[in-house]
Amino acid sequence: MKNQSSFRKKLLYFSGILILGLSAAAFTIDSINENSHQRLFSQGRKIFRYDTFGSEEFWGGKLRLHDAIKGEKNGGVGPGVSPATALAVGLKVDVEELSRATLNAIKAGKVDLNDPNSTLVLLKEDAVIGVKGFFSKEGNLTSVGIQCALCHSTVDNSLTTGIGRRLDGWANRDLNVGAVINLSPDLTVVNDLLGVSDETTRKVVLAWGPGKFDAILFLDGKGFRPDGKTAATLLPPAFGLAGVNLHTYTGWGSVTYWNAFVANLEMHGQGTFFDPRLDDAQKFPVAARARLGHTKAAKDLITSKLAALHHYQLSLPAPKPSKQTYDEIAAARGQKLFNEKAKCATCHVPPLYTEPGWNMHTAEAIGIDDFQAKRSPDERYRTTPLKGLWSHQKGGFYHDGRFADLKAVVDHYNGHLKLGLSSAESEDIVQFLKSL
Ligand code: HEC
Ligand code: HEC
């Protein structure tokens, strides 16, 4: 009897511990799911889409873009920016943000797309992707700030060209950032930073053209390459980045490194940014002079957002192409060539399509000039991850779009690496690239 009851006690005791342990484990798993994923994901999405990081102090406060947008008739300057103009420079409108009244009016053709007042309505409804309008109580536009989505989102054109549902992370290759900057009636801060005339700044930004921006201009002041073409690079997608070590065309750092860089130095948000590599006055005269690698705003509106923003970008998968857009059988042949004869997979290692590890190469290794590589700390080009290539064919390929299409990319490797691919084989590889 005694033995039995002590056994029972032990059983009770152990099952108690087991239940406690299990519920603790369940609690831990639960809190990981809840906190780390769902919360970070939705916070990150909100930041990516809607946060300006205080950049309105720059785009509105200094560049006075809001004055250019509303135009002279509304107390600003110049003719104002109509929705037609905004769409023409590649800005996109999020159909899901529009009020029912505005949506119906657009559908009925009752919105005057040539009237800057219609742009003010879109801004009030927070529908212009990447641009946030700030309004006074009286409804007067008093400033504008920008968001990550400006360059790294587009729409599916569900309503009409340029108006549709958001596609987060997609490269906006229609967006002419230089033309947007050139709308500013006052570029004094930029001219002063670069140490050039207003005319020079405008010439440089207007040379970018659609789908391009030059993040390094504000570090080294180089507007043009030795061949006289713009030094700007293509806007890359911000999806499909999980598992990839270094980011940007020249591998400046991790996703979160670059997010801090962009939010502080390019968007001109208010935060903290540390990178003593920018103190190199030979390579980065502008950044070294302005001490950009030691940025510290009075109030930090960026650092607290980096974790969620990082998480969100890593959660964005590259979009899959529709099967009608490539030849499946040719793509299967192309895959074999990619992995074997064409040696692509030695650098673009599937399924990441970049190297696990230090994913960087000299200009020589890939057979191009080193101008852009030399504008970065490691002086190399990063192996671009290739998933979702189909979604950003406009503007071409490689960091500056030098190859107009995928066939030109494969032809380049065929010559440079002496691969001996027949033209049918090259075409098969193109079909494979389109299938990624
Ligand atoms: C004005 C346009 C613009 C804005 C706004 C912008 N970016 Fe970018 N982004 C670029 C360009 C251009 C590059 C390529 C820079 C390079 O490689 O030198 C880039 C690169 C990136 C990359 C690297 C992609 C890769 O393939 O490695 C990530 C990630 C990124 N941006 C995220 C963001 C986030 C997050 C924000 C908001 C904090 C943001 N960007 C705001 C233009 C922009
Ligand atoms: C030695 C390493 C290496 C090899 C081998 C290599 N690549 Fe690349 N690839 C790179 C690097 C680095 C870049 C970035 C170049 C740039 O942006 O200027 C790149 C860029 C690309 C791009 C452009 C992506 C974009 O978004 O602009 C494509 C497409 C591509 N490679 C396909 C291939 C194919 C197909 C092969 C085989 C025929 C191949 N690569 C072989 C390193 C390599």
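This report covers the two ligand shells, the domain layout and a few notable residues of a predicted model.

**Overall layout**

The chain is divided into two parts: domain 1 spans 56-175 and domain 2 spans 323-435. Their centres, taken over C-alpha atoms, are separated by 36 Å. UniProt, in an unreviewed entry, places the feature "domain: Cytochrome c" at residues 329-436. That span is 40% helix and 4% strand. Its end C-alpha atoms lie 14 Å apart.

**The two ligand shells**

Ligand 1 is surrounded by 25 residues. The closest are Cys148, Cys151, His247, Thr248 and Tyr249. Three elements give two or more residues to this shell: helix H7 (149-152), helix H12 (255-266) and helix H14 (306-315). H12 gives the most, with five residues.

Ligand 2 has 27 residues around it. Here the closest are Cys344, Cys347, Phe397, His399 and Tyr413. At least two residues each come from helix H16 (363-366), strand E12 (381-382), helix H18 (406-416) and helix H19 (423-435). The top contributor to the shell around ligand 2 is H18, with four residues.

The table gives the residue classes of each shell.

| Shell | Nonpolar | Polar | Charged |
|---|---|---|---|
| Ligand 1 | 18 nonpolar residues | seven polar residues | no charged residues |
| Ligand 2 | 19 nonpolar residues | six polar residues | two charged residues |

**Helix H19**

H19 supplies at least two residues to the shell around ligand 2. How does its length compare with the expected span? The 13 residues of H19 should span 18 Å at 1.5 Å a residue, and the end C-alpha atoms are 19 Å apart, so the two agree. Many positions in H19 are listed as buried, including Glu425, Asp428, Ile429, Phe432 and Leu433. Ser426, Val430, Gln431 and Ser435 are also buried. The buried residues of H19 pack against helix H15 (328-339) and H18. H18 thus appears twice: as a packing partner of H19 and as the element that gives the most to the shell around ligand 2.

**Backbone features in loops**

Thr248 is among the closest residues to ligand 1. Thr248 is found in the loop between strand E8 (233-234) and H12. Its phi is near 75 degrees, a positive value in a residue other than glycine. Is Thr248 buried or exposed? Thr248 has 20 other C-beta atoms within 10 Å, so it is buried.

Phe53 also has a positive phi, of about 55 degrees, and is not a glycine. Phe53 sits in the loop between helix H1 (2-50) and helix H2 (56-59). Phe53 counts as buried because it has 26 C-beta neighbours inside 10 Å.

Pro350 and Pro351 are joined by a cis peptide bond, with omega about 0 degrees. Pro351 is in the loop between H15 and strand E11 (360-361).

**Ile368**

Where does Ile368 lie? Ile368 is in the loop between H16 and helix H17 (371-374). Ile368 has 19 C-beta neighbours inside 10 Å, so it counts as partly exposed; the cut-off for buried is 20 or more. Leaving aside neighbours within four places in sequence, Ile368 is in contact with Ala363 and Tyr398. Ala318 is 50 residues from Ile368 in sequence. In space, the two are 27 Å apart, C-alpha to C-alpha.

Definitions and conventions
Residues are numbered from 1 along each chain as its sequence is written. Chains are lettered from A and ligands numbered from 1 in the order in which they are written. This is a predicted model: local features need pLDDT of at least 70, side-chain atom pairs count only at pLDDT 80 or more; totals for chains, interfaces and linings use all residues. A residue is near a molecule or strand if its C-beta atom, placed from the backbone, lies within 6 Å of it. Ala, Val, Leu, Ile, Met, Phe, Trp, Tyr, Cys and Pro count as nonpolar, Asp, Glu, Lys and Arg as charged, and the others, Gly among them, as polar. The expected span of a helix is 1.5 Å times one less than its number of residues. A residue is buried if 20 or more other C-beta atoms lie within 10 Å of its own, exposed if 12 or fewer, and partly exposed in between; C-beta atoms are placed from the backbone. Two residues are in contact if their C-beta atoms, placed from the backbone, lie within 7 Å. UniProt positions are given in the numbering used here, feature names are shortened, and annotations may be inferred rather than shown by experiment. Domain bounds come from an automatic or database domain assignment.
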